[in-house]
Amino acid sequence: METPNPGCAARAALDPDQLAAVTTDAPRALVLAGAGSGKTRVLTERIAYLIEECHASPSEIVAVTFTRKAAGEMRERLLKRIGNKAYGVTMGTMHALALVQLRRFGELLGLRPDNITVYSEWDEDFLLRQVATEMGAMKGGKWKVPKKEVDAAFGAYYSTGLEPCEFDKPFDLFRAFMSRCRENNALTYGGLLTGFTMLLPKVMQYLGWRHVLVDEVQDLDRLQWRILEAMAAGMPATLFAVGDTSQAIYAWRGAAPEYLLENADTFQVLRLERNYRSGASIVRAANQLIEHNRMRLPVTMQACREDEAIVVVEPGMDSKGILRLIQSMNPEAYLPRETAVLARKHKLLQRVAEELDALGVPYLYIGQKAALTNTEEFRRFHAFLKLLVNPFDNFAFLLIKDKLELSDRDYAAVRAMAIQHDRSHFQEWQKTFGAEEWTFFDAWKEDDEALGAALMLGSRLWGIPVTNESPIVEFLHGWHQTAAQGQRTVSAYLEWLSTYDVQDEIPAADPDGPGVVTLATIHGSKGLEWPYVILAGCNEGILPSDRAVRSGDIEEERRLAYVAITRARDALTLAVRPERSEKIGRDGKERVYESPVSRFVDEAMGGEV
């Protein structure tokens, strides 16, 4: 008797559209996957199909996801599906994949691969201001080169790979900043992809990828598409792209969903339109809303659940009103962990959080820990950690010199001697001041217990309380719990931190625990779902935003509302803040503010509001 093929059984459970996508032999396939259509399952089965039926080696497959959480979920599913072969598949975000390859082959770009530092957005801005001051492009804290043009030049470089030309005002500043990064053996977060773009032609033959799968392709920028197209053409590799132009919500950081509209004819286009997540009323509301957008490749969701679900509009819902909604939930129908409050802006969520705090209601605020990474204490401590890994990072040394009680005069002397002796500022400081406890850095860098030792030294320098209640200790402990044994080094931690995402804050679900209410921005909720969703701030000027209303650029805001609505499985409340409010201005005069119901409410409800 033949042993049943588990692959055949798994594919037999797919619906016809999913099966067509999984088994396509097209070298370029674009799978337009509506919300709740099982795209993660399709991606997982596609990988399994390539290995089981097309005899691809796991090492020939690379899967690019939008978040680390999505990569982890896909890896977990793949492990259950094909076992340990899943470990041979390369998987992660585009930035994470770029960093891995830069650490492998960075010497080809003049980098010291083992010592690369990745600068956060704050690090980049701080260093840019320092370079601008030294060049005279900034004086007295005021920009001499228009800041909008500076931001535009760097934004264009990170999203397209194109440097400013020599006639652009920010040209000299851009070149000087990039030179300083090279001197520090550092890359900015955006520079990971520009570095990978330069590296790829030199290493393509060594990667051996023959199948490239990409999730959430609607949120890729032009540079990321350039990388994918280079891999597909140069390796060569098949390209299996999954996404939905109706869920493109990252134009503000360079995403180019229009790339799909311009190039759809170069792909075999397949559609997944069956929605297995949401009840029919929610699916209907989402369809009615998004059909008002013109710039999209249409995907009309079809509800597969027989129940209607609940969609209601609640007027007059300020933060106290939302708290009353949460308190009025039927505990037999919804547990706290099944409820999410989503909003366009953090400001609304913070007010809800304050109300929950006042009553002692537990909640998880996705993105709250990210605020910790912008504190001075966090930045200085992590600059110290970066020096463990990269002693050439002069910028990291600059951030901690005050804590080392290094005077401006001594710092100037260290910089001068560093040039004379061809050392970094940190190396020169070590030689000059003979700081004994800092001589173990090279050994600490790859030590599994190094973070603990570094924390103790950081405690002495910064006064960080080494207790479980300390935010930094809690942050480090959270990572330490998820990191595999043998991968808890300072290098591994900083690599994880360099591609940190707000969804990394979400703990593993405890099906037996009481759970908490989740608060998240709509951007932070991407890829997640809950039985009950309350969408706060459904007002003109909030969703859509004031900026979008003034510019007339409403389509991305509508996609944002569409993403929020499709996070709900069983019930959805569109919470409208009071349409009229009176506030006392700074001049002591009373003013009346009008905030009408969002046009999106009427569109989603089919004109019934």
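1. The second largest cavity has a volume of about 40 Å³. A cavity here is a set of points, on a 1 Å grid over the protein atoms alone, where a 1.4 Å probe fits but cannot get out. Grid points are joined across faces, edges and corners, and the volume is the space filled by probe spheres set on the points. The model is predicted: local features need pLDDT of at least 70, side-chain atom pairs count only at pLDDT 80 or more, and totals for chains, interfaces and linings use all residues. Residues are numbered from 1 along each chain as its sequence is written, and side-chain values use heavy atoms, without hydrogens and water.

2. The lining of this second largest cavity consists of Asp318, Ser319, Ile322, Leu348, Val352, Ala536, Gly537 and Arg577. Lining residues have an atom within 4 Å of a point. Helix H13 (319-327) and helix H14 (346-359) each give at least two of them. Helices (H or I, at least four residues) and strands (E, at least two) are DSSP runs, numbered from the N terminus. By class, the lining has 4 nonpolar, 2 polar and 2 charged residues. Ala, Val, Leu, Ile, Met, Phe, Trp, Tyr, Cys and Pro count as nonpolar, Asp, Glu, Lys and Arg as charged, and the others, Gly among them, as polar.

3. The structure has 2 cavities of 30 Å³ or more. The largest holds about 50 Å³. Its lining includes Leu535, Cys538, Ala561, Ile565 and Phe600. Helices H25 (555-565) and H26 (599-604) each supply at least two lining residues. The class split is 8 nonpolar, 1 polar and no charged.

4. An open sheet of 6 strands runs in the order E3-E2-E8-E9-E1-E10, with parallel pairing. Strands pair if DSSP finds at least two bridges between them. E3 (90-93) and E10 (268-272) are the edge strands, each with a single partner, so one side of each lacks a neighbour in the sheet.

5. Strands E1 (residues 28-33) and E9 (residues 238-243) run parallel and are joined by 5 bridges. Valine 31 stands opposite valine 242 in E9.

6. Helices H9 (residues 191-207) and H10 (residues 222-234) pack at about 5°, axes 10 Å apart. Axes are lines fitted to C-alpha atoms, for helices over the stretch in contact, and angles run from 0 to 180 degrees between N-to-C directions. H9 and H10 are therefore roughly parallel, a term for angles under 35 degrees. Contact means heavy atoms within 4.5 Å. Residues of H9 that meet H10 include Leu193, Phe196 and Met204.

How values were computed: Parallel < 35°, antiparallel > 145°, perpendicular 65-115°, else oblique. 1 Å grid on protein atoms, 1.4 Å probe; cavity = no way out; pocket = protein on both sides within 12 Å on 5 of 7 lines; lining within 4 Å.
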